Number of protein chains: 8
Amino acid sequence: MTMKIKSGQHLMLVGDSVTDMGRIRSPQGTPSEGFAEQLGHGYPRAVCGLLNACYPERLIRVTNTGDSGNNIRALKERWERDVLAHRPDWVGLMIGINDVWRQFDSPHKPFNHVPPEEYESTLRELVARTLPQLSGGMVLMTPFFLEPNRNDPMRRRVDEYGEIVRRTAREYGTLLADTQVAFDRILAHRYSGMIAWDRVHPNLIGATVLARVLLEALDFDYAHRPAGEK
Amino acid sequence: MTMKIKSGQHLMLVGDSVTDMGRIRSPQGTPSEGFAEQLGHGYPRAVCGLLNACYPERLIRVTNTGDSGNNIRALKERWERDVLAHRPDWVGLMIGINDVWRQFDSPHKPFNHVPPEEYESTLRELVARTLPQLSGGMVLMTPFFLEPNRNDPMRRRVDEYGEIVRRTAREYGTLLADTQVAFDRILAHRYSGMIAWDRVHPNLIGATVLARVLLEALDFDYAHRPAGEK
Amino acid sequence: MTMKIKSGQHLMLVGDSVTDMGRIRSPQGTPSEGFAEQLGHGYPRAVCGLLNACYPERLIRVTNTGDSGNNIRALKERWERDVLAHRPDWVGLMIGINDVWRQFDSPHKPFNHVPPEEYESTLRELVARTLPQLSGGMVLMTPFFLEPNRNDPMRRRVDEYGEIVRRTAREYGTLLADTQVAFDRILAHRYSGMIAWDRVHPNLIGATVLARVLLEALDFDYAHRPAGEK
Amino acid sequence: MTMKIKSGQHLMLVGDSVTDMGRIRSPQGTPSEGFAEQLGHGYPRAVCGLLNACYPERLIRVTNTGDSGNNIRALKERWERDVLAHRPDWVGLMIGINDVWRQFDSPHKPFNHVPPEEYESTLRELVARTLPQLSGGMVLMTPFFLEPNRNDPMRRRVDEYGEIVRRTAREYGTLLADTQVAFDRILAHRYSGMIAWDRVHPNLIGATVLARVLLEALDFDYAHRPAGEK
Amino acid sequence: MTMKIKSGQHLMLVGDSVTDMGRIRSPQGTPSEGFAEQLGHGYPRAVCGLLNACYPERLIRVTNTGDSGNNIRALKERWERDVLAHRPDWVGLMIGINDVWRQFDSPHKPFNHVPPEEYESTLRELVARTLPQLSGGMVLMTPFFLEPNRNDPMRRRVDEYGEIVRRTAREYGTLLADTQVAFDRILAHRYSGMIAWDRVHPNLIGATVLARVLLEALDFDYAHRPAGEK
Amino acid sequence: MTMKIKSGQHLMLVGDSVTDMGRIRSPQGTPSEGFAEQLGHGYPRAVCGLLNACYPERLIRVTNTGDSGNNIRALKERWERDVLAHRPDWVGLMIGINDVWRQFDSPHKPFNHVPPEEYESTLRELVARTLPQLSGGMVLMTPFFLEPNRNDPMRRRVDEYGEIVRRTAREYGTLLADTQVAFDRILAHRYSGMIAWDRVHPNLIGATVLARVLLEALDFDYAHRPAGEK
Amino acid sequence: MTMKIKSGQHLMLVGDSVTDMGRIRSPQGTPSEGFAEQLGHGYPRAVCGLLNACYPERLIRVTNTGDSGNNIRALKERWERDVLAHRPDWVGLMIGINDVWRQFDSPHKPFNHVPPEEYESTLRELVARTLPQLSGGMVLMTPFFLEPNRNDPMRRRVDEYGEIVRRTAREYGTLLADTQVAFDRILAHRYSGMIAWDRVHPNLIGATVLARVLLEALDFDYAHRPAGEK
Amino acid sequence: MTMKIKSGQHLMLVGDSVTDMGRIRSPQGTPSEGFAEQLGHGYPRAVCGLLNACYPERLIRVTNTGDSGNNIRALKERWERDVLAHRPDWVGLMIGINDVWRQFDSPHKPFNHVPPEEYESTLRELVARTLPQLSGGMVLMTPFFLEPNRNDPMRRRVDEYGEIVRRTAREYGTLLADTQVAFDRILAHRYSGMIAWDRVHPNLIGATVLARVLLEALDFDYAHRPAGEK
């Protein structure tokens, strides 16, 4: 099977703080150093490193346009300016944890909650608007919560939003990266505190897990060698 | 084939600025965040991420004790204190670029040059002293120079030191990670400036290349799944 | 019932980061401002404020000697220097979360774990050594974990250490402040994320909960008025 | 008696630097940490902590919109934008010390003085304009001066403004928090320098005094337990 | 009458924060700029400026060795090292406010209080030890409190210490600068808040008042002109 | 003779860096501290200190609106906004050193030079425009150069501009503060390097000299005592 | 032969980071210090120093308007505002390395590449537009790459752009400073790493080489003495 | 004539702030960048640049060990540690301005003055001790003062010390760099303010003048080309 991103294509990763992870908007380093600074220190960095190290014969541009604090409502407002205007070929999208989290850590601020209906309709709208403009495609990534107890009320709520993502991917025929499933496999062996201090923001281990599940959706091959290389 | 590092073992990565890459000596974050800060943003970080994400059922401790500016002479002085005293099970060692580089960028300071004879004898001494104390083993990594022109005088000199590393690995029966060969494969497709601004310090792409060649020496399997996982 | 701390007495609060909470070791402000800076922004601050505001006729000195990251092993090392040498009349002690947490977020570093046997024997030793030197007494505060799921493995472990504290308080006849019980009452109404971002470090709401349970153990009366005040 | 603020209501605390106390306009922490940062380290923080810790079953939002340096003239200018536009249910208002203080520390700048007539008419205007828009109500807090000598000229002047607040509360039927009376009780036992370095800005003890007198006006019950809790 | 300090003499000003006022211990500027940095921005600066501007024909060295927070007990400990070792010809000494202030703002820390008996005996000891080593003489400056109400308990206490200074000056025949009398004259016209935000640390107006009363004790003449100048 | 500035009047000091001397445009301190911060650390500070310390019964407002780098051309542009709009009663004006200095340190930038004709006409225009709006009056201060050698070409040039100031003062009947004469008296006894590191920016000694010559023009009396004071 | 720049003329150096080299846009120092700050620490500084030290009798203004990151496309956009508007007499121009470098370090971002056709046409346009406005003339400086291997692909590409500069200089009759030739002479003796860490940004040695080749084009004479000097 | 410094030799420049000029003791940059940082931004930098750019075939190490504020007394104390211990082949020495300057800007601190007798005897001692240890030789550089008026008292004093340097050079047969003569030639055309803001610390123009006079003493040839270069 061939990895889906072709040489010359642009993969844009969109999301909230899990994507952002301290990316520098105006890096000062040289272009060669700027790679890392602009990509932050989360999964977009691991994705870029693996794509380039394993497929050196393909020129692939990876960009990160995660914004800390974004829920899908805020993301919609900047979608035209921050996503479509940059004409990506592929879009990886992971959004939703803030839509849910505020319902639990700030119940006294209902104006910061995004209910499932609004989440679903906005997600569908964004996908519908974007797909026709992509020469590659979209990878919808489920939001996740690093809480192994499936009866925890916030985990139940995140699962509900994850199901919306799965359904949307199915209906629109996009690729799907099921991050919750991937993390649940890790949580079978590790306590959540080893992956993320607050069960939301993954450390470098969690970033690698996310990169792997995203790349898997793209038929990435770790053993790939450029044609003609011995 | 089974990945060589067992659960409960400690892999220490030793070297110069290519290993160090801004590691924080006293990280302030939580233990979960501290992973990345203590590992810097070079290949040790990628190594730790991949080991943990792919082998969640094994508890493996990865540490970085690279010191910017080190040549093998400086490394020898701190070997007892910084390496042996921490009782690692596995040691990954990459050293030598500063031994050579000063011969070219500071020819007027001969006291900063380490000639091949001293490099070889010191390397053999360190390996001989260390191997008996390891329950795992050693991975010798060649130094590298991201200069594709093999007639460039500094590339020729680095190759000479790399050959010493290969010979030492062979004679002492350690594992070998041939970073120069790995990078030469990348340089067949990419200009060196895309991997390292000064042909010495790899960016995130180069860090992934280094992690891959090191993990390969350890029989790392990207497709590994814990026993019993579907 | 009379509040137990008498005028002229010194209450020292000892612990880890939950007690420390950013206290300034060498405050620059005036003595009047220095109160808050030296007390940090956790429960010691709330304790000091309430004691002074409600009992203005008693001169009570409240100090904070929490050190972020402490487990009971580290605390024991500084007990003579940081606690006994300052000759407090009352000691409030809450320790143990780091003894447990490292078992879950750093399973690969067993040298940072404190098992229950060591926790219990050290706690008993500290209490036995300290009680004879106090003109007032000791308040043992249980460690707590803001996880409502009592089957969560780390919650179970914290409960085990909390039980050690309760037993020790009973056997030595000290006061007890059962912080876990107090928080469980809050968690019946609020999601843990509203009290602490990582289920360990309480925000200002949690700090007030801790202050209340500590003061309750001291027979604090919110409605107290100095004798003779109308 | 039942505490007056109902679940779902929003209490906004408005004033000058005594209210502001270093509140962060754009806090960087997580929502859970942001509580304290946005509330500053004065009485709004203590109010929020006690309300949430004692009444966990009621969701009450507490905000701080104090601005350092404000007199009632400056407050009036921002009233629409900073108070009414946020639609609070309850407003706690303490203003006036700067109206007076400038008359004493800057007699050469008469344009910074607010005379009692202007103070009273503006206060009445703000109350009249605001009351109809509140589903809860208003707590007028007197300004105060931590000077026990009632013949001190600035104390006399502050008392004059405090009397205007009392009169206004009476005439408009709002709640009243008489902070000067509360502090005079403390000053019977403590020298003012222990409460505030400049007799104006209370430290943590004074902040607790202010919180208590405000909560008392709201029929706050320290011994309250949610219905059904044992 | 002739101003008492002769050309070539060294006037050292010793005290607490009122003298210190932000003096820079190791100024970075040129010697010409360093004057002000080493002198701080309190009365020593005004003293140095007036001495040099009015008596340009006399070379007079003015130094500031005030240390913020000093009471007479702390001053005694550094007297040999900070005062006598520098061999001044004249010593201006103002100390005592912290000896008193801590009794009022920190009544719960009696170890920080200096009672009048200790104050007096230490002052007499310092004067007796110092006078024989001075080729010029000593100016004892009373401590002061910018509180016009002489029945305020702290003012009464400061007056008690001021009386000790006056008595000591009389008995040892030193010069006296009665700063409290000088400030009381100002307070007849200005509210204390215009001179010092906390009634202790004078602003630039208060610094000029202090400089004037010190210079007066030295028979300083504002109208002085060097001999032969028209 | 009576000092000319009456109670309630506002003295504004206008000029370049010699006046500015690090004044803080938006001081953070309390109003009492703000005096010094807004006045910088040059002669305006000394003027304010002496006026208030010697004439406490008069309320006099002193402000500093010096801007570093100003020549008379730049000053003219901001005159309406920075001077007249603030309605001072008295204006002290010292300008001209930058008009001259740039002719000597930047001869290659003629667009930064202000020739004497432009200097004189602009000065006359500013004085003519301002005098009718002042209830007090104007003090013209000559620019100065701390170079005792009157044949130095820059000193000769500064003297030429000083003569313009003297002539303008005479013709318009304003007060005159002849700073060059005052400094020449000091330079008879001190090398210029003791007063100013660059012969232009006076240190604290020079600032006191400037304050004295300005106050002398206003009939300031150092021995003044308020009426009725003993 | 006479050095070409006459007294009173203005030489402006235009380019990218090799010219910019950390120049301060708004220097804070005195005009005399500002020379260096505004000139950065690259070749413009050396040019200014040598011109002024060797030809003190000519007033020559040297300015630096290099902007880091500029390629010729970006330079064209600011040419009117940053070059022509300042009416230089002479313009030294070195541009092109970023036009080429991005083709090698960022092949995945083709929108940042400037192909030779666009480079040549833009260069010709700038020269044609500028020459008529100069009373002196233009010095075209070739871009350079400190790579001695003429078969290196990026060196070949830089040589191609250098040839365009030589051709343009010839056709328009401007002066030419062949920096690549000058550096090749140095590289015959020194490894490139001694002159520039990345083969692009010269250190102080390289800056002196650039200054020399530029001054040579202007018929600069190191042995020049002003007329009449012995 | 051949330039005196041979390949492989080490030229150390010793002095005060004129030599130091902000050199970084522990530069962070790469060795190639570290050249400039360690050399400061005064004449040592210009010397190093010209030596390397004009004589690329000779490896010459230039170091700067100037210390701001040094007079010859302070220099003597560190001579063994900072000069001889580093085994230079050539020493350039310029010292004396602080020995004189303090006599003029700090006449009230005689302990900071170095009289001519001490200056001369110390200089002779340093030269006598050093010469035998050098394989190259010494260049004595006169101190200088950028004051064209030879009757200025400080200029006269500096000239006196300069004469001591000339005499010492003559008697010991060292090379001489007469900086005062070189600067006087510049001052015939430029006002001192264009070269140094305080007549002591040269800007970049002055640094170039110093480098030229030092290099001239070493028979430096600006037109030098390596043997065999066309």
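Tutor: Two strands pair if DSSP finds at least two bridges between them. The model before us is predicted, and its chain H offers a good first use of that rule.

Student: Why are β1(H) and strand β2 (residues 61–66) of chain H called a pair?

Tutor: The definition asks for at least two bridges. β1(H) and β2(H) are joined by six bridges, in the parallel sense, so the requirement of at least two is met. Within this pairing, V14(H) faces T65(H) of β2(H).

Student: What makes β1(H) and strand β3 (residues 90–94) of chain H a pair?

Tutor: The rule is again at least two bridges, and here there are five, also in the parallel sense. Opposite G15(H) in β3(H) stands M94(H).

Student: Why is strand β1 (residues 10–15) of chain H described as largely enclosed by the rest of the structure?

Tutor: A residue is buried when its relative accessible area is under 20%. Six of the six residues of β1(H) are buried, and the strand is therefore largely enclosed. One side carries H10(H), M12(H) and V14(H), the other L11(H), L13(H) and G15(H), and both faces are covered.

Student: How do you know which sense applies to β1 (residues 10–15) of chain A and β2(A), and over how many bridges they pair?

Tutor: Six bridges link the two strands in the parallel sense, and at least two suffice for a pair. T65(A) in β2(A) is the bridge partner of V14(A). Strand β2 (residues 61–66) of chain A has six of its six residues buried, so the rest of the structure largely encloses it. R61(A), T63(A) and T65(A) lie on one side of β2(A), with V62(A), N64(A) and G66(A) on the other.

Student: Why is the meeting of R129(B) and E125(B) called a salt bridge?

Tutor: A salt bridge needs a side-chain nitrogen of Lys or Arg within 4 Å of a carboxyl oxygen of Asp or Glu. For R129(B) and E125(B) the N to O distance is 3.9 Å, so the pair falls inside the 4 Å limit. Helix α6 (residues 116–130) of chain B holds both residues, four residues apart, about one turn of the helix.

Student: Are R129(B) and E125(B) buried, partly exposed or exposed, and what makes them so?

Tutor: Buried is under 20% and exposed is over 50%, with partly exposed in between. R129(B) has a relative accessible area of 29% and is therefore partly exposed. E125(B), at 32%, is likewise partly exposed.

Student: What makes R199(B) and E147(G) a salt bridge, and where do they lie?

Tutor: Their N to O distance is 2.9 Å, and the limit is 4 Å. R199(B) is in the loop between α8 (179–187) and α9 (204–217) of chain B, while E147(G) is in the loop between β4 (137–141) and α7 (153–172) of chain G, so the pair joins two chains. R199(B) is buried, because its 5% relative accessibility is under the 20% limit. E147(G), at 0%, is buried too.

Student: What is the N to O distance in the salt bridge of E147(F) and R199(H)?

Tutor: The value is 2.9 Å. E147(F) sits in the loop between β4 (137–141) and α7 (153–172) of chain F and R199(H) in the loop between α8 (179–187) and α9 (204–217) of chain H, so this pair joins two chains. Both residues are buried.

Student: How do you know that R185(C) and E229(D) form a salt bridge?

Tutor: Their closest N and O atoms are 3.5 Å apart, and the definition allows 4 Å. Two salt bridges are found across the interface of chain C and chain D. The same two chains have 12 residue pairs in polar contact. On the side of chain C that touches chain D, two or more residues come from each of α2 (31–39), α3 (43–54), α8 (179–187) and α9 (204–217). α3(C) gives the largest share, seven residues.

Student: Why is it said that no contact joins chain A and chain F?

Tutor: Contact means heavy atoms within 4.5 Å. No contact is found between chain A and chain F, and their closest C-alpha atoms lie 30 Å apart. Chain C and chain G also have no contact, their closest C-alpha atoms being 31 Å apart.

How values were computed. Residues numbered from 1 in each chain as written. Chains lettered and ligands numbered in written order. Predicted model: local features only at pLDDT ≥ 70, side-chain atom pairs only at ≥ 80, totals over all residues. Heavy atoms only, no water. Buried < 20%, exposed > 50% of the residue type's maximum accessible area, 1.4 Å probe, protein only. Polar contact = N/O pair within 3.5 Å; in protein donor to acceptor, adjacent residues only side chain to side chain.
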